[in-house]
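Subject: A structure to look at, with notes on its salt bridges

Dear colleague,

I am passing on the structure below, and I would be glad if you kept it open while you read the notes that follow it.

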Amino acid sequence: QVQLVESGGGLVQAGGSLRLSCAASGRTFSSYAMGWFRQDPGKEREFVTAISWTGTIIYYADSVKGRFTISRDNAKNTVYLQMNSLKPEDTAVYYCAAYLGTAQAMRVSIGGNGMHYWGKGTRVTVSS
């Protein structure tokens, strides 16, 4: 069993930065690919980024490439999402997900279907 708790969301002006964290419980954290998805009300949940359990394979959605950076610290059971140059269209609830498989599979999932564990989400609001 893995429990995920996100933090770091908030209100920021366009062009600003935020750093999200996802703290995981459980001794098997390092076995999981980890990712971030986001969902705005009235929209489908969408893939943002994923990182392999080794941290060596990373994928980003085109919409965030060059602005967001995912990283993980297996010793701290934590995955991070550094978000720079934020835009109003980045406004959403951001969810951390764990998947006992590949980061590639997380990237191609339909709205994150099939992920093994989810956090409850943290809201990010970017004002123009």
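Are aspartate 62 and lysine 65 buried or exposed? Both of these residues are exposed, and they form a salt bridge with each other in which the closest N and O atoms lie 3.1 Å apart. Please keep in mind throughout that this is a predicted model.

In total, the structure holds four salt bridges, and arginine 38 is a good residue to turn to next. Its side chain meets that of glutamate 46 in a salt bridge, with 2.5 Å from N to O, and arginine 38 also forms a salt bridge with aspartate 90, where the closest N and O atoms are 2.9 Å apart. This second pair links distant parts of the chain, since arginine 38 sits in strand β4 (residues 33-39) while aspartate 90 belongs to the loop between β8 (78-83) and β9 (92-99), 52 residues apart.

The surroundings of these partners can be read from their relative accessibility. Arginine 38 counts as buried because its value is 6%, which falls under the 20% cut-off, and aspartate 90, at 1%, likewise counts as buried. Glutamate 46, by contrast, has a relative accessibility of 34% and therefore counts as partly exposed.

Returning to aspartate 90, which counts as buried at 1% relative accessibility, we can place this residue in a wider arrangement: salt bridges that share partners join Arg38, Glu46, Arg67 and Asp90 into one network.

With best wishes

How values were computed: Residues numbered from 1 in each chain as written. Predicted model: local features only at pLDDT ≥ 70, side-chain atom pairs only at ≥ 80, totals over all residues. Heavy atoms only, no water. Buried < 20%, exposed > 50% of the residue type's maximum accessible area, 1.4 Å probe, protein only. Helix = DSSP H or I, 4+ residues; strand = E, 2+ residues; numbered from the N terminus.
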